[in-house]
Amino acid sequence: MSQHSINIRHAEQTDRAAIEEVLLDAYGQYESVLPSPYWEQYKSNILEAIDAGRTKARLVAELDGEVVGSVFLFDSSELAYGNPELDIQSPIIRLLAVSRKARGHGVATELIRGSARLALEWGAETLHLHTSDMMDSAVRLYERLGFERAFDKDIVNGATLVKSYRLQLKETALLQA
């Protein structure tokens, strides 16, 4: 397998179209799984998040110079989800996305590593994320990278259990490399 160069950097305004394309490509795999009204709402939420001012940082991943991934970081559950009751007061990653053609090259791992580094720079001890069983390959990746279930921060969205995971930043092997 040839070695590809992955570069993680802060997103710029000029990356907006590429980020939208990556998000729609990556999350488009769920269009066939979700009932149409749910997919339309999900898609609308994704697109809205691109320009939302509540994001603390947006990272993009370039593979051989092309933007193929992105992730958004928020300071708290209130800013990430409009949910202060969840009481997460440390960084949360949302909308981690890698375009389908770029999967299998470690792009998601590098985006998570970049997010963990930023969170640590900000003085955080943990990095959180939420996901559902529908995203089984993502769940396997998070667990492999050392995220642990945070049952106390789960969200129930209609009939869907949105599972919470947390990474202990001071102990993670992800940042030892």
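These exercises work through a predicted model.

## Exercise 1. The largest pocket

Find the volume of the largest pocket, the residues nearest its centre and the make-up of its lining.

**Solution.**

Step 1. Start with volume. The largest pocket holds about 1,500 Å³ of space.

Step 2. Turn to the lining. It comprises 49 residues. Nearest the centre of the pocket lie Y27, Y42, H130, M134 and M135.

Step 3. Sort the lining by residue class. There are 29 nonpolar residues, 15 polar ones and five charged ones.

Step 4. Look for the element that gives the most. Helix α2, residues 36-51, supplies seven lining residues, and that is the top contribution.

## Exercise 2. An aromatic pair

Classify the ring pair Y27 and Y42, and say which parts of the chain the pair ties together.

**Solution.**

Step 1. Count the pairs. The structure has five aromatic pairs.

Step 2. Take the geometry of Y27 and Y42. Their ring centres are 5.8 Å apart and their planes meet at 85 degrees, so the pair is edge-to-face. The cut-off for that class is over 60 degrees.

Step 3. Place both residues. Y27 sits in helix α1 (residues 16-27) and Y42 in helix α2, so the pair ties together parts that are 15 residues apart in sequence.

Step 4. Compare with accessibility. Y27 is buried at 9% relative accessibility. Y42 is partly exposed at 23%. The cut-off for buried is under 20%.

Step 5. Widen the view. Ring pairs join Y27, Y30, W39 and Y42 into a cluster.

## Exercise 3. Two residues of strand β8

Describe the surroundings of V162 and R166: is each buried or exposed, and what does each touch?

**Solution.**

Step 1. Locate V162. Strand β8 spans residues 160-168 and contains V162.

Step 2. Check burial. V162 has a relative accessible area of 17%, so it counts as buried.

Step 3. List contacts beyond four places in sequence. V162 touches H130, T131, D154, I155 and N157.

Step 4. Compare sequence with space. S132 is 30 residues from V162 along the chain, yet their C-alpha atoms are 4.8 Å apart.

Step 5. Move to R166. R166 also lies in strand β8. Its relative accessibility is 19%, so R166 counts as buried.

Step 6. Gather the contacts of R166, again leaving out neighbours within four places. They are T126, L127, H128, G146, F147, E148, A150, D152 and K153.

Step 7. Single out D152. The side chains of R166 and D152 form a polar contact of 3.3 Å.

## Exercise 4. E62 and its partners

Work out which side chain makes a polar contact with the side chain of E62.

**Solution.**

Step 1. Place E62. It belongs to strand β2.

Step 2. Check accessibility. The value for E62 is 14%, so this residue is buried.

Step 3. List the candidates. Outside four places in sequence, E62 touches S5, I6, N7, R9, V67 and V68.

Step 4. Pick the partner. The side chain of R9 makes a polar contact of 3.0 Å with that of E62.

Step 5. Add a backbone distance. E62 and S5 are 57 residues apart along the chain, with 7.9 Å between their C-alpha atoms.

## Exercise 5. A buried serine

Determine how accessible S115 is and which residues S115 contacts.

**Solution.**

Step 1. Find its element. S115 is in helix α4, residues 107-121.

Step 2. Read the accessibility. S115 has a relative accessible area of 0%, so it is buried.

Step 3. Name the contacts, without neighbours up to four places away. They are L59, V71, L73, I93 and L127.

Step 4. Set a distance beside this. S115 and K163 are 48 residues apart in sequence, and their C-alpha atoms lie 19 Å apart.

## Exercise 6. Positive phi

For D64 and D87, give phi and the loop that holds each residue.

**Solution.**

Step 1. Take D64. Its phi is near 50 degrees, a positive value in a residue other than glycine. D64 lies in the loop that runs between β2 (57-63) and β3 (66-74).

Step 2. Take D87. Its phi is near 55 degrees, again positive and again in a residue other than glycine. The loop between α3 (77-81) and β4 (92-98) holds D87.

Step 3. Add accessibility for D87. The value is 47%, so D87 counts as partly exposed.

Notes:
Residues are numbered from 1 along each chain as its sequence is written. This is a predicted model: local features need pLDDT of at least 70, side-chain atom pairs count only at pLDDT 80 or more; totals for chains, interfaces and linings use all residues. Side-chain values use heavy atoms; hydrogens and water are left out. Helices (H or I, at least four residues) and strands (E, at least two) are DSSP runs, numbered from the N terminus. Buried means under 20% relative accessible area, exposed over 50%, partly exposed in between (1.4 Å probe, protein chains only). Contact means heavy atoms within 4.5 Å. On a 1 Å grid over the protein atoms alone, a cavity is a set of points where a 1.4 Å probe fits but cannot get out, and a pocket is an open set with protein on both sides within 12 Å along at least five of seven lines; lining residues have an atom within 4 Å of a point. Grid points are joined across faces, edges and corners, and a volume is the space filled by probe spheres set on the points. Ala, Val, Leu, Ile, Met, Phe, Trp, Tyr, Cys and Pro count as nonpolar, Asp, Glu, Lys and Arg as charged, and the others, Gly among them, as polar. A polar contact is a pair of N or O atoms within 3.5 Å; within protein, one must be able to donate a hydrogen and the other to accept it, and residues adjacent in sequence count only if both atoms are side-chain atoms. Rings of Phe, Tyr and Trp (its six-membered ring) pair if their centres lie within 6.5 Å; planes under 30 degrees apart count as stacked, over 60 as edge-to-face and the rest as tilted.
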